[in-house]
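Me: I would like to go through this structure and ask on what grounds each label is applied. Please set each value against its cut-off.

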Amino acid sequence: MALFGLFNKKKKESLDKGLEKTKESVFKKLSRAIVGKSKVDDEVLDNLEEVLISSDVGVDTTLRIIERIEERVQRDKYVGTDELNRVLKEEIVDLLKENNSTDYDALSLPEGHGPYVIMVVGVNGVGKTTTIGKLAHKFKDAGKSVVLGAADTFRAAAVDQLVIWAERVGVPIVKQGMGADPASVAFDTLSKAKAENADVVLIDTAGRLHNKINLMNELTKIKKVMQKVIPDAPHEILLVLDGSTGQNAYEQAKQFTLATEVNALAITKLDGTAKGGVVIGISDQFKIPVKYIGIGEKIDDLQVFNREEFVDSLFN
Ligand SMILES: Nc1nc2c(ncn2[C@@H]2O[C@H](COP(=O)(O)OP(=O)(O)OP(=O)(O)O)[C@@H](O)[C@H]2O)c(=O)[nH]1
């Protein structure tokens, strides 16, 4: 229990530190929004709307949050500005619950399932390879056997980088030469994982967005070939987005959700940006749960997303 408490404390400290910039910016704006006001009225709500939109929460999600707070003000008759932080936290957590009603442990996999296959997608440079490395480390730490598949064969550097991560974490990797067919790499990876009865497979893919049809065709082909080995693979399509790109991340989410059935999100580089609000907006807008957040470059700087912890860290 004491050890668990220590772990949680460490996790919270890293989260607070990782979200420092967003938090500072939101806090400053919020203080300005309520200056000289003792109760939440229309003017405060207008200001709050501006705060959320300028914090990259997105227009639609902001309006949904404001609507919830308006209802709350009507119901409770009086909401003091000193309560605004608490009310905001509660309403945002409830909103995020709509995308994922149960609190789950992202690292605990279905029992007796065979290899759990995660296909990782996202454009170059968002932190895909790094996220796969960190995730492999997390699963390994949780006692799972992991196999990596280097199906981003478009750039030699991408394979090399994943090899470095595999060595660092101490997990096997399946690769072929540069320019090889990504679907063939995926096939080999799943065959190895199945033969060795591995717990988790993480497949890196090339995320070229220049042509939606190409992207769709490529991802569909990889999936089809995977299903020859494991019929219900991939179990998870994890889209990695760079949180520091703000509105660009929304656009990428739009393109990828049109191209394939994304069912989990990892949002990276939340450290060093004031745009952390994207986590709330993207999850709400696309109705896809955020499973992981990246808050630094080091191996331990990936956290399993917890909406209460996140919102608490942002608005405290
Ligand atoms: N600060 C910070 N940097 C990160 C995070 N995640 C990844 N990075 C850095 O972002 C850069 C790009 O990460 P990669 O993992 O190479 O990105 P990728 O999407 O695989 O890109 P390609 O390898 O070019 O396809 C690297 O320098 C990483 O160290 C994060 O959460 N925080």
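The questions and replies below take the labels one at a time.

Me: What kind of model is this, and how are its residues numbered?
Reply: This is a predicted model, in which local features need pLDDT of at least 70, side-chain atom pairs count only at pLDDT 80 or more, and totals for chains, interfaces and linings use all residues. Residues are numbered from 1 along each chain as its sequence is written.

Me: What makes the protein as compact as a globular protein of its length?
Reply: The secondary structure comes to twelve helices and eight strands; helices (H or I, at least four residues) and strands (E, at least two) are DSSP runs, numbered from the N terminus. The radius of gyration is 21 Å, and the globule rule gives 20 Å for 316 residues, so the protein is as compact as a globular protein of that length. The radius is taken over C-alpha atoms, and the rule is 2.2 Å times the number of residues to the power 0.38. Along the principal axes, the C-alpha atoms fill a box of roughly 65 × 50 × 30 Å.

Me: Which parts of the chain are called domains, and where do the bounds come from?
Reply: The protein is divided into domain 1 (2-97) and domain 2 (116-306). Those bounds come from an automatic or database domain assignment. The C-alpha centres of the two domains lie 31 Å apart. Their contact takes 19 residues from domain 1 and 19 residues from domain 2; two residues are in contact if their C-beta atoms, placed from the backbone, lie within 7 Å. On the domain 1 side, α1 (2-18), α2 (20-33), α4 (59-76) and α5 (84-97) give two or more residues, and α1 gives the most, with four residues.

Me: What makes a residue part of the shell around the ligand?
Reply: A residue is near a molecule if its C-beta atom, placed from the backbone, lies within 6 Å of it. By that test 19 residues surround the ligand, the closest being Gly-127, Lys-128, Thr-129, Thr-130 and Gly-294. Both α6 (128-141) and α7 (156-169) supply at least two residues of this shell, and α6 gives the most, with three residues. The shell divides into three nonpolar, eleven polar and five charged residues. Ala, Val, Leu, Ile, Met, Phe, Trp, Tyr, Cys and Pro count as nonpolar, Asp, Glu, Lys and Arg as charged, and the others, Gly among them, as polar.

Me: Why is Lys-287 called exposed?
Reply: A residue is buried if 20 or more other C-beta atoms lie within 10 Å of its own, exposed if 12 or fewer, and partly exposed in between, with C-beta atoms placed from the backbone. Lys-287 has 10 other C-beta atoms within 10 Å, so it is exposed. Lys-287 lies in the loop between α11 and β7 (290-294), and its phi is near 55°, a positive value in a residue other than glycine. Helix α11 (residues 278-286), by contrast, is mostly covered, with eight of its nine residues buried.

Me: Why does Asn-197 count as exposed?
Reply: Asn-197 has 9 other C-beta atoms within 10 Å and is therefore exposed. Asn-197 lies in the loop between α8 (182-195) and β4 (200-205), and has a positive phi of about 55° although it is not a glycine.

Me: What is the omega of the cis peptide bond between Ala-233 and Pro-234?
Reply: Omega there is about -5°. Pro-234 lies in the loop between α9 (212-229) and β5 (236-242).
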